[in-house]
Amino acid sequence: MNYAMIFNNIGKILLVEAALLVFPSIGAVIYGENTLLSFALTIAALAVTGLLCVRKKAKNKNIYAKEGYAIVALSWIFMSLFGALPFYFSGHIPSFVDAFFETVSGFTTTGSTILTEIESLPKSLLFWRSFTHWIGGMGILVFVIAVMPKTESSSMHVMRAEVPGPTVGKLVSKLRASARILYGIYCVLTLVQIVLLFAGGMPLFDSIVTSFATAGTGGFAILNNSIEGYNSLYAEMVIAVFMLIFGVNFNLYYMILIKQGKQALKSEELRWYIGIVAGSVIIIALSLINTKHNVGESFRYSFFQVASIISTTGFSTTNFDTWPVIAKLILTFLMFIGACAGSTGGGIKVSRLMILVKSALRDIRKAINPRSVETVKLDRRSVDEPVVKSTSVFFATFMLITALSIMVVAIDGRDLVTTSTAVVACMGNIGPGLGAVGPYGNFADFSTLSKIVLSFDMLAGRLELIPMLMIFSPYAWSRKYS
Amino acid sequence: MHIIIVGLGKLGITMTKQLVAEGHNITVVDLNNDTLSTIVDTYDVMGVWGNGTTCETLEAAGVSKAKLIIAATASDEVNILCCLVANRMGVENTIARVRNPDYATQTQFMRNELGLSMIVNPEFETANEISRIIRFPSAANLDSFSRGKIEIASIRIHSDNMFCDMPLYEIRKKCKAKVLVCAVQRDDEVFIPSGDFVIRCDDIISITGTRSELSTFMKQTGVFKQKIKKVMIIGGGRIGYYLAKLLSDTGRTIKLIEQNDSRCYSLTDTLPDVTVIHGDGTDQDILEEQGLEYQDALVALTGIDEENIIVSMYAESKGINKVITKVNRHSYSILNDIGLDTVVSPQIVAGNLVTRYVRALHNSAGNSQIQTLHKLVNGKVEAVEFVVPEDAGYLDIPFKDLQLLPNLLIGCIHRNGKIIFPGGNDVLKANDSIIVVTAGRILEDIHDIFV
């Protein structure tokens, strides 16, 4: 392990976070809130730690895969530890573990909250809370690659560890240019949503923070009743459509930009994504028509909720905890699936699901005719066998961690649905689950141990397991094995 | 600038490394997925899997944006075809590696009739470089400028050297020859020295001057080596063939040892003046039998680095005047430490040629004044030759009034056949050739040397 380089990079991240904290501080000044001091203290702490980390120059500037993973995992942990300070210093979240949980939930774009009363929080803190979604959505290390003058040639390892999906490619030959294109698309889409929401009559502050939460597919709302509180069909539809948009692989938007839109529409993952959304919306709407609502309302609620869950955002327009079992079950499945690879969403990812399904079908065909040579194909191209294998391992590990976490959280003695969906919602970075952690509930009543385990799950889900697991492995750190 | 590199062999990788360092947008194309993913992980480039001669693959590699394509696959014919296809698809500049000696005589034809911008033959260029070193054996390495009128030679200062622990201005007073020390390598560090720089023993210094002045300097410092008349070449591959031909044309006695029987016969046919020996050139007995100790120089050119190094060390221990080692894995810097001063590698030689071409191409002025580019000291130092344009703003201004960038030195000025080592009162005139030596900076244009 190249400790000097790891600390150097973490130092850079902390300095960037200090710079980003200036925005909520400005908010505190504008609204004349007393949170300014807590922000200033946090910025000072970040700047001092960051500078100390950056000051030590590394002799060997090479980063290899393991350093890349370690940088990403540790950066996210430190970022969340420091990001929690404004909540803690200002006294609005008196317990540090709670503040850490809330911040991890923000950065990982989960959107699970421990706050029972959101509307009473100062606006600058609400802004920071939603802003963490926006930063975490595309990834702060990708941001650093985009803005830093000349990145090391091996930053690819860092990018790979932070951008979700089974395989990560670049858009253009230079990593920095690729990162800039991604952030460019991200910013423009966010801006468009802000304008659309504002034009629909939502207050400017609400438009901005809601768009941040949508763009990162996070799901922190600033009303106690989430999006239901606005009670506007227009706002709901804008948000629903943008949630789906941010759940699509950003590479496709780049292809549209370079006028290869037709090819982008041919993407198999996009078709599966749309298919899953359409199927789920129809089934849930049908189940609702039978039991609760009229046709129009059924589709309205069903569409919003499906978009919210599959993109792993976690906004709600109704208490779906009271929906029929079939609807709740489908939503739970969607929590596992998640959005497309290369998007800001979480979960297992549609492309991994495709690889899993197709490799299962392949094995069945192979059982029927053992001599046939078959490969798993995505977009009519064979997927490399190591990728297929690592996808299966990813799925197994994902399920294993989910199961172990459920067992630890179960110590709290809550009911089965609450316990299990709380973990699933955190692993998949969704936010609300079912039962007591449903759209009308929150995570406040869990024990400290459960909150730490859930925070770990959120980070593991956002960084796609390997980085978070690796930093706990003695093989990675001990000189004996390197 | 967008560049496509087809084929990730040793040459392809070397060029990828060099051109990425120059800041270009590079797409690499190869048929081997493993190589491709390693390169994409190591360097900031985009990888495209596929056959580089097909339109589809070239399309995926962004042929419409590309300004240059470099074909460096294992096959000459594929490289030529690849360049032709890319050229028809709109790539203006094409570089092909063509190394089969059969084609060597028709490079002019291929450039003119097939429209290739440049043909790189790493083996021939390497042979050329080795023959230059053999003609001036005192230097560990030798690079020439202004069509050979000026050279940069690097020599190691041994502890018995009179210039050891002496500052440069002292050396300049005591030295009878008109030469200039333009770079000093000490362990892993490189210095562009000023007048009060002190030379220590075991430094490797690079000096510029004309051939005869350099010889005078070598004689005075005691590193002068006698003219080489008898050369033994181990390995009759492509480099061996080119080298034997080049050297025998200058009247030297060549003994070429080659292991492969039929290859020996074809070498005898094509090289009538060369003694071709059939045998394992890495075998000590055969070396003794063929009279290694009576040779003036030994050149180890087998396909295996380790064998070349072993043979060279053996020859060095036998006191052979000049030992030249070819290695492909040039990244190891220990070779200097074990006493092998003169090491050449074909990829580096070819890579430098391509880099020079690319830099000239990239220069916005379109008519870059770069004439020659050499990388010294493991690529850490660059020596670039420029021609001063006629409309430049810095003509006739004394150097003491011009502000040059730090870590940069003007090696010498070549004006109408005269060599000038510039002092504060000298000026630049139109059509001068100047040689600029710099560390850690990329010079594309002569304007780049001023602050």
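**Chain B and its contact with chain A**

Trainee: How many helices and strands are there in chain B?
Mentor: This is a predicted model. Both kinds of element occur in chain B. The count is 14 helices and 24 strands.

Trainee: Why is chain B as compact as a globular protein of that length?
Mentor: Start with the globule rule, which gives 22 Å for 451 residues. The radius of gyration of chain B is close to that value, so chain B is as compact as a globular protein of that length. That radius is 23 Å.

Trainee: What does the C-alpha trace of chain B span along its principal axes?
Mentor: Take the three principal axes in turn. The spans are approximate. They come to about 65 × 65 × 40 Å.

Trainee: What separates the centres of domain 1 and domain 2 of chain B?
Mentor: The domain assignment puts domain 1 at 2-120 and domain 2 at 132-219. Their centres are taken over C-alpha atoms. The separation is 38 Å.

Trainee: Which element gives the most to the side of chain B that touches chain A?
Mentor: The contact takes 12 residues from chain B and 9 residues from chain A. On the chain B side, β2 (25-30) and α2 (33-42) each give two or more residues. The one that gives the most, with 4 residues, is α2(B).

Trainee: How do the residues on that side of chain B divide into nonpolar, polar and charged?
Mentor: Look again at the side of chain B that touches chain A. Its charged residues number 2 and its polar residues 4. The nonpolar residues number 6, giving 6 nonpolar, 4 polar and 2 charged.

Technical notes: Residues are numbered from 1 along each chain as its sequence is written. Chains are lettered from A and ligands numbered from 1 in the order in which they are written. This is a predicted model: local features need pLDDT of at least 70, side-chain atom pairs count only at pLDDT 80 or more; totals for chains, interfaces and linings use all residues. Domain bounds come from an automatic or database domain assignment. Two residues are in contact if their C-beta atoms, placed from the backbone, lie within 7 Å. Ala, Val, Leu, Ile, Met, Phe, Trp, Tyr, Cys and Pro count as nonpolar, Asp, Glu, Lys and Arg as charged, and the others, Gly among them, as polar. The radius of gyration is taken over C-alpha atoms; the globule rule is 2.2 Å times the number of residues to the power 0.38.
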